[in-house]
Amino acid sequence: MAELGSKGVTAGKIASNVQKKLTRAQEKVLQKLGKADETKDEQFEQCVQNFNKQLSEGTRLQKDLRTYLASVKAMHEASKKLTECLQEVYEPDWPGRDDTNKIAENNDLLWTDFHQKLVDQALLTMDTYLGQFPDIKSRIAKRGRKLVDYDSARHHFEALQTAKKKDETKIAKAEEELVKAQKVFEEMNVDLQEELPSLWNSRVGFYVNTFQSIAGLEENFHKEMSKLNQNLHDVLLGLDKQYSGNAFPVKAQPRKKTKLFARLRKKMSSDSTPAKANKSPSPPPDGSPITSPETKTVNHELEPSTLEAPGASIPKSPSQPAEAARAGAEAAGSEAAAGAEASKTEADSGSSSLPAVVVETFPAAVNGTVEGGASSERADMPPGFLFKVQAMHDYTATDTDELQLKAGDVVLVIPFENPEEQDEGWLMGVKESDWIQHKELDQCRGVFPENFTERVQ
């Protein structure tokens with residue numbers, strides 16, 4: 001007990017505080033159970049809600065501002081390292097070396113000044129603004145406790161007054177405690193009723209000043225930084241003019257994967273040789289007519305009721321519409337009948353004849369698409385067309401599956417047939433001029449480095 005007294009805390013004070021806590025806890029339980037009424041102040045409760053919202057918004061703004069300052073600091077360090085690197089690579093005999101050193105020094109000073117002003121004019125102001133909230137929050141909590149004390153004293157006084165056996169001494173003491181509790185509560189309540197609305201309204205001016213300061217500091221910083229950047233640009237332009245003959249060559253990213261497409265192209269070329277020879281067959285010994293490359297010879301199969309000549313048939317192709325098949329069948333039937341009649345005539349005359357051949361002409365097809373017919377692809381673009389690019393630099397092909405590019409060439413980009421064959425930084429395409437002229441992918445398409453081109457569509 002002596003120790004407690006030496007610290008200014010007596011046993012009686014401790015007992016009093018414990019009793020107050022028990023009384024408040026009991027009063028709150030009774031209020032929650034509805035056995036005791038609670039003093040309500042809706043206007044004050046609204047002020048408390050506004051206070052909590054204002055504190056939450058201010059705390060978030062402070063956190064984001066600190067994050068912004070950390071980012072500025074990081075940018076300062078990155079910019080400093082970049083300018084230091086420029087100073088190291090800038091050789092002594094190059095023109096403008098002293099200017100680059102001065103620009104680097106001013107760049108560092110500008111970042112330092114910008115960061116410090118942000119701290120002084122924004123962060124410190126933010127800290128001062130939020131510094132008033134803890135005290136007010138503590139006073140709001142204390143007011144709540146004093147309100148419970150007031151309600152408890154009021155309920156105790158009312159209970160003594162309504163008791164069957166009244167004790168005037170206890171009633172007088174309870175009344176004295178009620179008046180004291182009411183006075184303490186009202187003093188705190190009046191002060192907060194004045195301060196909370198004023199604090200709530202002050203947020204507008206604070207936000208305006210804070211963001212105006214940040215915006216103004218950023219504007220001045222970027223203006224000064226723009227001047228430094230322009231000076232650096234001019235210095236490097238002078239260096240470029242002196243060494244204009246040593247232009248930086250644009251190089252393609254090296255290809256790492258196997259040239260599968262090149263081998264496939266060679267294989268396709270070798271496989272297509274017999275097919276091309278078959279397109280122009282030698283004339284038969286009896287002088288029969290030869291079909292053109294754009295015609296197809298088909299044995300048509302017709303129903304027995306349609307054909308008069310035995311053995312003539314027309315297969316129904318699934319790639320043709322039903323109407324085209326019926327039209328072809330009718331035409332073939334007429335030709336077959338004519339051929340059968342001619343065979344009879346030749347047989348009567350005793351001359352030999354070849355079997356009747358039915359010739360049907362189809363529209364020429366390009367890349368599997370019938371000209372003039374419906375197509376899922378755009379008529380003026382190759383199948384699978386993705387987008388257009390334009391060559392910004394000349395590129396000399398180093399392999400058979402690569403495109404030779406001149407600056408200004410437009411290339412139609414198409415997907416790889418096998419995505420696994422695509423190297424990073426390389427695209428597949430066909431030059432627009434080749435596509436317009438030949439409409440052929442197998443002999444015109446190739447890969448090319450993406451960094452030599454720029455997308456135009």
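What share of the contacts in the protein chain with a separation of 6 or more comes from residues 24 or more positions apart? Keep that in mind for Exercise 1.

A word on the ground rules: this is a predicted model, where local features need pLDDT of at least 70, side-chain atom pairs count only at pLDDT 80 or more, and totals for chains, interfaces and linings use all residues. Residues are numbered from 1 along each chain as its sequence is written, and side-chain values use heavy atoms, with hydrogens and water left out.

**Exercise 1. Take stock of the whole chain.**

Step 1: start with the opening question. Residues 24 or more positions apart make up 71% of those contacts, where contact means heavy atoms within 4.5 Å.

Step 2: list the elements. The protein chain has 9 helices and 9 strands. Helices (H or I, at least four residues) and strands (E, at least two) are DSSP runs, numbered from the N terminus.

Step 3: check burial. Of the 457 residues, 28% count as buried. Buried means under 20% relative accessible area, exposed over 50%, and partly exposed in between (1.4 Å probe, protein chains only).

**Exercise 2. Work out whether helix α4 has the span you'd expect, and find its kink.**

Step 1: get the expected value. The rule is 1.5 Å times one less than the number of residues, so the 35 residues of α4 (97–131) should span 51 Å.

Step 2: compare. The end C-alpha atoms of α4 are 50 Å apart, which agrees.

Step 3: look along the helix for a bend. α4 has a kink of about 35°, centred on Val119. The bend at a residue is the angle between axes fitted to the seven residues ending there and the seven starting there.

**Exercise 3. Describe the surroundings of Leu192.**

Step 1: place it. Leu192 sits in helix α6, residues 168–242.

Step 2: classify it. With a relative accessible area of 1%, Leu192 is buried.

Step 3: find who it touches. Leaving aside neighbours within four places in sequence, Leu192 is in contact with Phe44, Ile136, Arg139, Ile140, Arg143 and Pro197. Take Ile136: it is 56 residues away along the chain, yet the two C-alpha atoms are separated by 8.1 Å.

**Exercise 4. Lay out the five-stranded sheet, strand by strand.**

Step 1: write the order. The open sheet runs β8-β7-β6-β5-β9, with antiparallel pairing. Its edge strands are β8 (446–449) and β9, each pairing on one side only. From one strand to the next, the twist averages 50°. That angle is taken between N-to-C directions and runs from 0 to 180 degrees, with axes as lines fitted to C-alpha atoms (for helices, over the stretch in contact).

Step 2: count the bridges. Two strands pair if DSSP finds at least two bridges between them.

- β7 and β8 pair over 4 bridges, with Trp426 opposite Pro449 in β8.
- β6 (410–414) and β7 (426–431) pair over 4 bridges, and the bridge partner of Val411 in β7 is Lys431.
- β5 and β6 are joined by 4 bridges, with Gln390 opposite Val410 in β6.
- β5 and β9 are joined by 3 bridges, with Val389 opposite Arg455 in β9.

Step 3: check how covered the strands are. In β8, both faces are covered: Gly446 and Phe448 on one side, Val447 and Pro449 on the other, are all buried. β5 is mostly covered, with 4 of its 5 residues buried.

**Exercise 5. Find the polar partners of two buried residues in this sheet.**

Step 1: Lys388 lies in β5 (387–391) and is buried, with a relative accessible area of 13%. Its side chain makes a polar contact of 2.9 Å with the side chain of Glu432. A polar contact is a pair of N or O atoms within 3.5 Å; within protein, one must be able to donate a hydrogen and the other to accept it, and residues adjacent in sequence count only if both atoms are side-chain atoms. Beyond four places in sequence, the contacts of Lys388 include Met381, Val411 and Arg455.

Step 2: Thr453 is in β9 (453–455) and is buried, with a relative accessible area of 13%. The side chain of Thr453 reaches the backbone oxygen of Glu450 at 2.9 Å. Beyond four places in sequence, Thr453 is in contact with residues including Val389, Leu405 and Phe448.

**Exercise 6. Describe the backbone and exposure of Lys439.**

Step 1: Lys439 lies in the loop between α9 (432–438) and β8.

Step 2: Lys439 has a positive phi of about 55°, although it is not a glycine.

Step 3: with a relative accessible area of 27%, Lys439 is partly exposed.
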